[in-house]
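Work through the exercises below with the structure open. Try each task before reading its solution.

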Amino acid sequence: MPLRAFSIEDGNLNTKSVSVARSRAYSDIDLTFAKKANNDVFKKNDAGAVKQSVKNILMTNFTEKPFVPGYGGNLSALLFALDTDVEEDDIIQQVVTAIEAYEPRADVLSVKVRELPEQHDLRITVTFRILSTNVIESVDLNLTRLR
Amino acid sequence: MATLIKSTSLDFNTIKTRLKDDLKKQAEFKDYDFEGSGLSNILDVLAYNTHLNGLTANFALNESFLNTAQLRSSVVSHAEALGYVPRSFTASQALLNLSVLITDANRPTSVTLPVGTSFTSTVAGISYTFRTLEAFTGVDDGNGLYVFKTKTDSNQIPVFEGTQKTKTFIIGETSDSQIYVIPDTTADINSLNVKVFETVGGSTFESYTDLRKAIRIESTSKHFQIKEVPSGTYELLFGDGKSTGKRPVAGNKVVVTYLSVVGATADGASAFTPSSQLTVDGSQYTINVVTDTVSAGGSFKESIESIRQNAPIYFASQQRLVTAEDYKAQILANFSAFLDDVIAWGGNDNVPVEYGNVYVGLKFKSGLSEATQSDVKTQIVNELTDNLAIMSISTEFVDPVETFLELQTFFNFDPDLTNTTARATENLVETTIQNFFATNLNKFGQVFRRSAILSQIDDLDVAILNSRMTVKAQQRITPITGQSLSYDINFPMAIATPDDVNRIVTSGRFVFNSRTCFIRNKLSSLKLEMVDIDGNVQVDNIGSYETGTGKVSLVGFNPTTIEGGSTLKISVTPNNESTIRPLRNFTLDLDTDALVATAQIDFQNTQLTL
């Protein structure tokens, strides 16, 4: 029995779309270099990989990456700035700019900054959505001067 | 010329891209393309390491050759392997006439000016100290005036800029293999004086001389060797006691004195004041100073490029004067503080031919007095040619002969293509030509190539559409006025053959028979005529010129005065205006008075009529 198909103009909404999104699995090496029982390194997959990437970007200071002087969140530099010079909005802007520039897989939803000047402490929570899966993840950064 | 290292093939991003390409072949890790990923960070480390290793290998290989080494220490080391000692800082030297007046009845018959007598002088607001390096004696002239003189009875007393420094070393055991360090980057190694005392407290000593000046070396020859080390300071070495000269023994004391100098910055000192009075028999007397020659001859350390050029030539000469290049190498190696350039040729190549002679042309640095120039020539003969040249060959010095070029430049100029005016561009063209001469000519053997200048002019501005240049060569003579004499003027190139349109030979203006005249060749003839400025022929045959030999002859030339001074310019059109190759002691210079650049406005429109 042949299948009769109507045109889209005639109201057929069952036609499959010709454009499809190719889902891509993310897989990265675990930078803690913890080893499995078989002595292999662990992998970071999907959300874990993106989360590690976001953390890497934010924890990198300017000029640390070879030949890409503007790469990174440059957050550690803030620890050595005068407290009165550091504005919360500036930090948020810095975080968003860095992730938008270097992590196309993440969409920043919110950045929360908590300054503890007496303890030379800066706590940042970045919440972002992974674009391919819509999974929402957050990264907590706690920056403290050691001396 | 140094080879510049091209690091493009070792570029960090290229290496990282290659690593990423490799990772694309596997499915285990896929995040290599994201800059924040751990994999990207690891690739950074790998690529950076590869990049640095590649560059280091490249640098190391470059430093391994004299032609490509970039570091001074490497170049000096390569030169040392060729037996070449790069020039150190050199003291600026002035010549002074010194005397003291002692009117005391019991005055001595002679007075000694001690070593180290110092004088101060100021150059550009900075004070420098000059001092004598040997003792000089003055003899009473009968009136109590003691004029100090050198051993050659000259009253020109040399004083050298610098601070006298002394280093004392005690010779250790042979097994210690001691090297004696002179930690001074501005030492003038030519002023080094090395005395070896038998004992630490003794007063008897032997003087050691520089190995570079040695004619022969035996086991008893007393020579020292001085060399620059990577830090830019110097080290002193002695012979081994066998084949390379006498070696001081353990317990000997070595006293080294030398001048620490500032080099060329002390050149130009003209007024000298004695730092102290002269003590004679317990009384103080003022030293009278008259400057004979302002200070000159100071120089900085030899540049890397100069070492690169001179070391192989010096090596090729093998400390012997056989070929013309040997003369050039040896003279430049020893007297480059005084000389801009040297050229030498055999008597067989001279005009006229003189077998048995070697002709040496010296181009002295500007500012050197006749006395200093003469002194340098004497030193060249005494220290080099008498010892190193082939027997029965004598050295003749010839002065450089400057041939001036008169350049007229015409260029098409489109004002629509630029904001600069035609006049400003004309000035720019003239400046470019002057810079070209300063950089590329003015030395022996440097060839004028017209297209090389024109290509620079074409590149000056997009508004310069094309250019052309007429070239004339010019020699200058100083005729004796009021006497009818003959003059031969030699040009270093062939002169153009006469034609029926252009005058090939012309001269500057002079007065003859109360009329302002000049010389030119007759059209279609090699004969020269003297005409006044109205075109009336005053002397029908005043000489001739030869095309092949480049000789212009004036016969019975008797001007009353020369316009604008005493020098008469004789200009000729070269047979080949594109290339002028100076021979022997000729150098090419620019006659800036005759330098003309003319813009011809060209809007690049197609014309309908001519």
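**Exercise 1. The contact between chains**

Are Tyr26(A) and Phe34(B) buried or exposed? Then classify their ring pair and place it.

*Solution.* The model is predicted. Start with accessibility: Tyr26(A) is buried, and Phe34(B) is buried as well. Next, the geometry. A search over all chains of the structure gives 18 aromatic pairs. One of them joins Tyr26(A) and Phe34(B), with 5.9 Å centre to centre and 90° between the planes. An angle over 60 degrees counts as edge-to-face, and this pair is edge-to-face. Last, the location. The pair crosses between chains. Tyr26(A) sits in the segment before strand S1 (27–29) of chain A. Phe34(B) sits in the loop between helix H1 (12–23) and helix H2 (38–63) of chain B.

**Exercise 2. Tyr359(B) and its surroundings**

Find the ring partner of Tyr359(B), then describe the strand that carries Tyr359(B).

*Solution.* The partner is Trp345(B). The ring centres are 5.9 Å apart and the planes meet at 15°, so the pair is stacked. Trp345(B) belongs to strand S19 (residues 339–346) of chain B, and Tyr359(B) to strand S20 of chain B. The two residues are 14 apart, and the pair links distant parts of the chain. Both Trp345(B) and Tyr359(B) are buried.

Now follow strand S20 (residues 357–364) of chain B. S20(B) runs parallel to strand S21 (residues 394–398) of chain B, and 5 bridges join them. Tyr359(B) stands opposite Glu396(B) in S21(B). Add helix H6 (residues 370–388) of chain B: S20(B), H6(B) and S21(B) make a β-α-β unit, and it is right-handed.

**Exercise 3. More rings in chain B**

Which residues of chain B form a cluster through ring pairs? Then find rings with a charged end over them.

*Solution.* The cluster contains Phe169(B), Tyr180(B), Tyr208(B) and Phe238(B). For the charges, take Lys195(B) and Arg476(B) in turn. The charged end of Lys195(B) sits over the ring of Phe205(B), 4.7 Å from its centre. The charged end of Arg476(B) sits over the ring of Phe404(B), at 3.6 Å from its centre.

**Exercise 4. The sides of helix H2 of chain A**

Check the span of H2(A). Then assign its buried and exposed residues to faces.

*Solution.* Begin with the chain. Chain A has 2 helices and 5 strands. Read from the N terminus, its elements run β-β-α-α-β-β-β. Of its 147 residues, 33% are buried.

Turn to helix H2 (residues 88–102) of chain A. Its 15 residues reach 22 Å from first C-alpha to last, close to the expected 21 Å. The buried residues of H2(A) are Ile91(A), Val95(A), Ala98(A) and Ile99(A). They cover an arc of only 95° around the axis, which puts them on the same side of H2(A). The general rule is simple: an α-helix has 3.6 residues a turn, so residues three or four places apart point the same way. The face of H2(A) turned away from the buried side carries exposed residues: Asp89(A), Gln93(A), Glu100(A) and Ala101(A).

**Exercise 5. Helix H7 of chain B**

Repeat the analysis for H7(B), and place Arg423(B).

*Solution.* Helix H7 (residues 422–440) of chain B has 19 residues. Its C-alpha span is 26 Å, close to the 27 Å expected. Its buried residues include Val429(B), Ile433(B), Phe436(B) and Phe437(B). Glu426(B) and Glu430(B) are also among them. Seen down the axis, the buried residues of H7(B) fall within an arc of 155°, so they line one face of the helix. The face turned away from that side carries the exposed Ala438(B) and Thr439(B).

Arg423(B) lies in H7(B). Its relative accessibility is 47%, so Arg423(B) counts as partly exposed. The C-alpha atoms of Arg423(B) and Thr598(B) are 8.4 Å apart, although 175 residues separate them along the chain.

**Exercise 6. Positive phi**

Where do Asn134(A) and Arg584(B) lie? Give the phi of each.

*Solution.* Recall the background: most residues other than glycine have a negative phi. Asn134(A) has a positive phi near 65°. Its place is the loop between strand S4 (121–130) and strand S5 (136–144) of chain A. Arg584(B) has a positive phi of about 40° and is not a glycine. Arg584(B) is in the loop between strand S34 (579–580) and strand S35 (586–590) of chain B. With 24% relative accessibility, Arg584(B) counts as partly exposed.

Notes:
Residues are numbered from 1 along each chain as its sequence is written. Chains are lettered from A and ligands numbered from 1 in the order in which they are written. This is a predicted model: local features need pLDDT of at least 70, side-chain atom pairs count only at pLDDT 80 or more; totals for chains, interfaces and linings use all residues. Side-chain values use heavy atoms; hydrogens and water are left out. Two strands pair if DSSP finds at least two bridges between them. Helices (H or I, at least four residues) and strands (E, at least two) are DSSP runs, numbered from the N terminus. A crossover is right-handed if, with the strands pointing away from the viewer, the path from the first strand over the helix to the second runs clockwise. Rings of Phe, Tyr and Trp (its six-membered ring) pair if their centres lie within 6.5 Å; planes under 30 degrees apart count as stacked, over 60 as edge-to-face and the rest as tilted. Buried means under 20% relative accessible area, exposed over 50%, partly exposed in between (1.4 Å probe, protein chains only). A charge sits over a ring if NZ of Lys or CZ of Arg is within 6 Å of the ring centre and within 35 degrees of the ring normal. The expected span of a helix is 1.5 Å times one less than its number of residues. The arc is that of the directions from the helix axis to the C-beta atoms.
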